[in-house]
Amino acid sequence: MLILARRKMTDRAAQRALTEASDRITAMGVVQRRLLHDPESRIDLDAFLHIFCADLEKALGIPIACHGERLQALDSQTISSIALVVQEFVSNAVEHGARPDAPMTLTVRMESRGFDRGAVIVEDDGKGLPPDFCPGRSLGLALVHSFVQSIGGAFDIRNRPHESGVIATVEFPLTATGRRRAP
Ligand SMILES: Nc1ncnc2c1ncn2[C@@H]1O[C@H](COP(=O)(O)OP(=O)(O)O)[C@@H](O)[C@H]1O
Ligand SMILES: [Mg+2]
């Protein structure tokens, strides 16, 4: 439906907004389908992210290296919020960081942070953030902010210190007790 609506649009900004909305709905569908078999159970983030990155790789046509530490299993709400944040980071890298003359390298890795927190880090070697970058002014990172808040986590996005490209991080509690209750 959104794709049909997009075909009728002449305004490029409106077309782009509809494309992004349709990509987000597709990503949510992929996440929900992957988690559907047992919504109550706890799921290994690393196993899930490997499958999710393979899906993104296919959809975007760009190789994504996915690796890292094995973290404790998480509930499906946390997994789906993390997956949607990763999808925003990855699509930003492809949309805003890619150079026409060089293929992009994208990495998704998991890390433990202390005994009760974990992190997923998405790194690209693209153009980097624009000088006037201000997080939260546009929809993608505003959505990231709300997904991250819902799991009591935090996110950070910055240029890589020594090379070109961006490093975007989502950090989250591994246990429900580390999570703030929704207001
Ligand atoms: N990996 C990246 N490489 C380069 N620029 C980025 C990257 N991620 C985010 N940005 C910058 O941050 C801005 C905000 O991102 P976002 O909130 O997702 O909005 P949108 O993708 O709709 O422009 C982007 O417009 C872009 O300038
Ligand atoms: Mg975006």
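**Close-up 1. Val108 and its partner across the strands.** Val108 stands opposite Val122 in β3. This is a predicted model, and a good place to start exploring is the pair of strands around these two residues. Strand β2, residues 106–113, runs antiparallel to β3, and 8 bridges join the two. Together β2 and β3 form a hairpin, with 3 residues between them. Look in the turn for Gly114, which has a positive phi of about 75°.

**Close-up 2. Strand β3 and its other neighbour, β5.** Now follow β3 itself, which covers residues 117–124. Is this strand mostly covered or mostly open? It is mostly covered, as 6 of its 8 residues are buried. Besides its pairing with β2, β3 pairs with strand β5, residues 166–173, in the antiparallel sense over 7 bridges. Find Val122 once more: in β5, Ala168 stands opposite this residue. Val122 is therefore a handy landmark, with Val108 facing it as well.

**Close-up 3. Ser112 and its contacts.** Ser112 lies in strand β2. How many C-beta neighbours does Ser112 have inside 10 Å? There are 15, so Ser112 counts as partly exposed; a residue needs 20 or more to be buried, and 12 or fewer to be exposed. Leaving aside residues up to four places away in sequence, Ser112 touches Glu69, Leu71 and Gly118. Take a moment over Glu69: Ser112 and Glu69 are 43 residues apart in sequence, yet their C-alpha atoms are 6.9 Å apart in space.

**Close-up 4. Helix α5 from end to end.** Helix α5 takes in residues 139–150. You can check its length yourself: at 1.5 Å a residue, its 12 residues should span 16 Å, and the end C-alpha atoms are 17 Å apart, which agrees. After the helix comes Gly152, whose phi is positive, near 65°.

**Close-up 5. The two sides of α5.** Which residues of α5 are buried? They are Leu141, Val144, Phe147 and Val148. Seen down the helix axis, the buried residues fall within an arc of 115°, so they line one face of α5. A simple rule helps here: an α-helix has 3.6 residues a turn, so residues three or four places apart point the same way. On the other side of α5, Ala142 and Ser146 are exposed. The buried residues of this helix pack against α4 (76–97), β4 (154–159) and β5.

**Close-up 6. The residues around ligand 1.** There are 18 residues around ligand 1, and those that come nearest are Asn92, Gly97, Ser138, Gly140 and Leu141. The elements giving two or more residues to this shell are α4 and α5. Which element supplies the largest share? That is α4, with 6 residues. By type, the shell divides into 7 nonpolar, 7 polar and 4 charged residues. Leu141 links this view with the previous one, being also among the buried residues of α5.

**Close-up 7. Stepping back to the whole chain.** The protein chain has 5 helices and 5 strands. Read along the sequence, they follow the pattern α-α-α-β-α-β-β-α-β-β. The chain has 183 residues, of which 27% count as buried. Consider, finally, the contacts between residues at least 6 apart in sequence: 66% of these join residues at least 24 apart. The contact of Ser112 with Glu69 is one you have already met.

Technical notes
Residues numbered from 1 in each chain as written. Chains lettered and ligands numbered in written order. Predicted model: local features only at pLDDT ≥ 70, side-chain atom pairs only at ≥ 80, totals over all residues. Helix = DSSP H or I, 4+ residues; strand = E, 2+ residues; numbered from the N terminus. Pairing = 2+ DSSP bridges. Expected span 1.5 Å × (residues − 1). Arc of directions from axis to C-beta. Contact = placed C-beta atoms within 7 Å. Near = placed C-beta within 6 Å. Nonpolar A, V, L, I, M, F, W, Y, C, P; charged D, E, K, R; others polar.
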